[in-house]
Amino acid sequence: MNVFDSLIGQEQAVAEMKHAAIDAAKLSMGERGDAMTHAWLITGPPGSGRSTLALAFAASLVCSNGGCGECIDCRNVTAGLHPDVEHIVPEGINYKVEATRNLIERASLLPTRSPWHVIVVEDVDRFRIDAASTLLKTLEEPPPQTVWLLCAPTVDDVFPTIRSRCRHVMLTSPTLPAIAAQLTSRFGIDPAMAAFAARTAQGHIGRARAIATDEGVRLRRKQTLDIPTSLRSVSSCFELANNIVTSANADADSIVDPLDESDDQDIRTAFGEGAEGKGLKTVERQMKSALKDLDDRAKSRRRRVLMDQYDRVLLDLTGYYRDVLVVQSGASVDLVNEEFREAITRVASVDDEAATLRRIGAITEARDQIVANVNPLNAFESLFVSLRDPRLTAIVG
Ligand SMILES: [Zn+2]
């Protein structure tokens, strides 16, 4: 087993990173190692495995066995607990300058138990110019033991000044058969289910696995895909929008809260809550600041979980109307939602391609609004009102 095993259909990128890890080991023994460098930019479409590749490379740098996947170093990287590997996601929509400065300060520290201090930064496209120029300085003169692994959807999403200082590794969208084969071989999923999950997840590996293994995910997907034929009246638009926001919040509660409670307890225990003696005031102050920090992170984590839920709904709806467009145009390509063909054909029959394109545009607009902090309930309400077609109601009754 090796940490790179979970990457699907990315042979070239994996070979390059393995080679770099071998040269990194040479460098740390004072030899030459040209395949290794201090700043990497990993790009690839959502779900292609950008962060999986970055974390696998991180593990192969801190593992004394090239990323065996089994030692304590490898397991700690996977669990997000390795002291020499930091995995950074933006707090909120964009990276903040101050958080970036703190990150760079931490990045300059020497590693504690490995030859390298690795910083994995997700969503580099969310650096605005001020935070990006802060990051740029350290990429120009990186401390010798520090390695930056920057992840973004495409090269064009990254400031030219940043990307010119990185070695670029590009992931491609894995093919549907490759995803299905992986679901079967790694997770023992029945081939028919694996093929279904790969197709409906539209190339997103994590989503394909969730669809294949979690009945709740399949059920919610079905509920989403029933929406276009359920928008009978304006009041049903409001009700369905409310259902989505309510269930997204319930999901966010169940995912975020249990984690927070245990973090909270960890901090209280670490600061020895309830202890007595000298220096107690300082400790108390530090604990308060750590708890405040925890609270900020919990809020940001919650926003991300909610955004993921909304994205999933919007992505499923986009796939649905893409299928409507396929039927309307008479193209002979597979539908993403083959099992909804009958409903999709009905929706396609009441309107034309231009109207479908407008609906797809409305979905994109709803996403932009939610990202720009418009109340998600309002965004979904106006989306559903613009998706609704009264002529469809006449057919489906
Ligand atoms: Zn290992």
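The exercises below, with worked solutions, concern a predicted model.

**Exercise 1. The sheet**

Give the strand order of the open sheet, and find which strands stand at its edges.

Solution.
- The open sheet holds five strands in the order 2-3-4-1-5, and their pairing is parallel.
- Strand 2 (85–88) and strand 5 (167–170) each have a single partner strand, so one side of each is left without a neighbour in the sheet. These two strands therefore stand at the edges.
- On average, neighbouring strands of this sheet are turned by 15 degrees against each other, direction ignored.

**Exercise 2. Strands 3 and 4**

Describe the pairing of strand 3 with strand 4, and name the residue that stands opposite Val 118.

Solution.
- Strand 3 covers residues 117–121 and strand 4 covers residues 146–152.
- The two strands run parallel and are joined by five bridges.
- The residue opposite Val 118 is Val 147, in strand 4.

**Exercise 3. Helices 8 and 9**

Classify the packing of helix 8 against helix 9 from the angle of their axes, then state the handedness of the crossing and the make-up of the contact.

Solution.
- Two packed helices are described by the angle between their axes and by the distance between the axes.
- For helix 8 (residues 191–200) and helix 9 (residues 205–213), the angle is about 135 degrees, and the axes lie 8 Å apart.
- Angles over 145 degrees count as roughly antiparallel and 65 to 115 as roughly perpendicular, with 35 as the limit for roughly parallel; the rest are oblique. Helix 8 and helix 9 are therefore oblique to each other.
- The crossing of helix 8 past helix 9 is right-handed.
- Helix 8 contributes Met 193, Ala 194, Ala 197, Ala 198 and Thr 200 to the contact, while helix 9 contributes Ala 208, Ile 211 and Ala 212.
- Sorted by class, this contact of helix 8 with helix 9 has seven nonpolar residues, one polar residue and no charged residues.

**Exercise 4. Positive phi in two loops**

Locate Asp 123 and Asn 373, and decide for each whether the residue is buried, partly exposed or exposed.

Solution.
- Asp 123 is not a glycine, yet has a positive phi of about 50 degrees. Asp 123 lies in the loop between strand 3 and helix 5 (129–140).
- A residue is buried at 20 or more other C-beta atoms within 10 Å, and exposed at 12 or fewer. Asp 123 has 19 C-beta neighbours inside 10 Å and so counts as partly exposed.
- Asn 373, also a residue other than glycine, has a positive phi near 75 degrees. The loop between helix 14 (353–371) and helix 15 (376–387) holds Asn 373.
- With 10 other C-beta atoms within 10 Å, Asn 373 is exposed.

Methods. Residues are numbered from 1 along each chain as its sequence is written. This is a predicted model: local features need pLDDT of at least 70, side-chain atom pairs count only at pLDDT 80 or more; totals for chains, interfaces and linings use all residues. Two strands pair if DSSP finds at least two bridges between them. Helices (H or I, at least four residues) and strands (E, at least two) are DSSP runs, numbered from the N terminus. Axes are lines fitted to C-alpha atoms, for helices over the stretch in contact, and angles run from 0 to 180 degrees between N-to-C directions. A crossing is left-handed if the near helix is turned anticlockwise from the far one by less than a right angle, and right-handed if clockwise. Two residues are in contact if their C-beta atoms, placed from the backbone, lie within 7 Å. Ala, Val, Leu, Ile, Met, Phe, Trp, Tyr, Cys and Pro count as nonpolar, Asp, Glu, Lys and Arg as charged, and the others, Gly among them, as polar.
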